[in-house]
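Could you walk me through this model in the viewer, one selection at a time? I would like to know what to pick next and what is there.

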Amino acid sequence: LKEATASAHHDLDAQFAAFDLTARNGYRRFLEASAAALLPLEVALERAGVARLFSDWPPRSRRDAITTDLVRLGGNIHPMDEVAPLRDNAVFGTMYVLEGSRLGAKYLLRMMSQSTDPLIAEARAYLGHGAGQPLWRSFLARLECEALSGEAEAEAIAGARRAFAMFAEAAARA
């Protein structure tokens, strides 16, 4: 997954780097773009039975956290269109993108700490969600149990690429 999506991941990081997370408007736009992709992706995961594959799904979901932050900042929530149904292997690819974004969130939180805006300091539920929990490691452990190959691997890669593409489209709109 990492190799197959490296280019999409790099491009998305460059897009999101354009948001100034130390300024209220920049951070709000970042959250709006993130929510636009995250919300329909989480709904698609739930419809695909993500809780059957990841019994700890409820505490992984960041829908409430990002909504809370957007309300604090006076942001708008405009989810992208509904995602086509996901099969199990595409669930793993989509989860790869969502869970991997937690790793980048640590860096973004450090950037935000340079802001003097008290609202930005209060609106950290999304980026801080799951901090201190082994969510990435437990995701990788679960993924490794699947031993994806052939068509299943291609399906997981397609799911990850679709998730990256949705975040990229949302960032471009913002």
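The tour below goes through helix pairs and single residues in a predicted model.

**Stop 1: H2 and H6**

Start by selecting residues 24-47, which form helix H2, and residues 88-112, which form helix H6. The two pack at an angle of about 160 degrees, and their axes are 11 Å apart. Angles over 145 degrees count as roughly antiparallel, and H2 and H6 are therefore roughly antiparallel to each other. Their crossing is left-handed.

Now show side chains for the contact. On the H2 side, pick Tyr27, Phe30, Leu38, Leu41, Glu42 and Leu45. On the H6 side, pick Val91, Thr94, Met95, Leu98, Leu108 and Met112. Colour this contact of H2 with H6 by residue class and you will find 10 nonpolar residues, 1 polar and 1 charged.

**Stop 2: H10 against H2**

Keep H2 on screen and add helix H10, residues 151-173. Here the packing angle between H2 and H10 is about 145 degrees, with the axes 7 Å apart. The crossing of H2 over H10 is right-handed.

Which residues of H2 and H10 meet? From H2, select Ala33, Ser34, Ala36, Ala37, Leu38, Pro40 and Leu41. From H10, select Ala163, Met166, Phe167, Ala170 and Ala171. By class, this contact of H2 with H10 holds 11 nonpolar residues and 1 polar one, with no charged residues. Leu38 and Leu41 may look familiar, as they also belong to the contact of H2 with H6.

**Stop 3: H6 against H10**

Hide H2 for a moment and look at H6 with H10. Their axes are 7 Å apart and the angle is about 45 degrees. That angle makes H6 oblique to H10. The crossing of H6 and H10 is right-handed.

For the contact, select Asp88, Asn89, Ala90, Gly93, Thr94, Tyr96, Val97 and Leu98 in H6. Their partners in H10 are Ala152, Glu155, Ala156, Gly159, Ala160, Ala163, Phe164 and Phe167. The contact of H6 with H10 divides into 10 nonpolar, 4 polar and 2 charged residues.

**Stop 4: glutamate 155**

Stay with H10 and centre the view on glutamate 155, which sits in this helix. Is glutamate 155 buried or exposed? Its relative accessibility is 14%, so glutamate 155 counts as buried. Draw a distance from its side chain to that of asparagine 89, and you have a polar contact of 3.4 Å. Leaving out residues up to four places away in sequence, glutamate 155 touches Arg87, Asp88, Asn89 and Ala90.

**Stop 5: serine 61**

Next, move to the loop between helix H4 (57-60) and helix H5 (63-73), where you will find serine 61. Serine 61 is buried, at a relative accessible area of 14%. What does the side chain of serine 61 join in a polar contact? The partner is the side chain of glutamate 42, at 2.6 Å. Glu42 is one of the H2 residues from the contact with H6, so bring H2 back into view. Beyond residues up to four places away in sequence, serine 61 touches Glu42 and His129.

**Stop 6: leucine 135**

Select helix H9, residues 135-146, and pick leucine 135 in it. With 5% relative accessibility, leucine 135 counts as buried. Its C-alpha lies 7.6 Å from that of arginine 60, although 75 residues separate the two in sequence. Show what surrounds leucine 135: apart from neighbours within four places in sequence, the residues in contact are Asp56, Arg60, Glu99, Arg102 and Gly130.

**Stop 7: two residues for contrast**

Go to the loop between helix H1 (2-16) and H2, and select alanine 18. At 64% relative accessibility, alanine 18 counts as exposed. Add alanine 171, which is 153 residues away along the chain; the C-alpha atoms of the pair are separated by 9.3 Å. Alanine 171 also appeared in the contact of H2 with H10.

Last, return to H6 and pick leucine 103. How exposed is leucine 103? At 40% relative accessibility, leucine 103 counts as partly exposed. Draw a line from leucine 103 to glutamate 46: the two are 57 residues apart in sequence, and the C-alpha to C-alpha distance is 22 Å.

Notes
Residues are numbered from 1 along each chain as its sequence is written. This is a predicted model: local features need pLDDT of at least 70, side-chain atom pairs count only at pLDDT 80 or more; totals for chains, interfaces and linings use all residues. Side-chain values use heavy atoms; hydrogens and water are left out. Axes are lines fitted to C-alpha atoms, for helices over the stretch in contact, and angles run from 0 to 180 degrees between N-to-C directions. Helices (H or I, at least four residues) and strands (E, at least two) are DSSP runs, numbered from the N terminus. Angles under 35 degrees count as roughly parallel, over 145 as roughly antiparallel, 65 to 115 as roughly perpendicular and the rest as oblique. A crossing is left-handed if the near helix is turned anticlockwise from the far one by less than a right angle, and right-handed if clockwise. Contact means heavy atoms within 4.5 Å. Ala, Val, Leu, Ile, Met, Phe, Trp, Tyr, Cys and Pro count as nonpolar, Asp, Glu, Lys and Arg as charged, and the others, Gly among them, as polar. Buried means under 20% relative accessible area, exposed over 50%, partly exposed in between (1.4 Å probe, protein chains only). A polar contact is a pair of N or O atoms within 3.5 Å; within protein, one must be able to donate a hydrogen and the other to accept it, and residues adjacent in sequence count only if both atoms are side-chain atoms.
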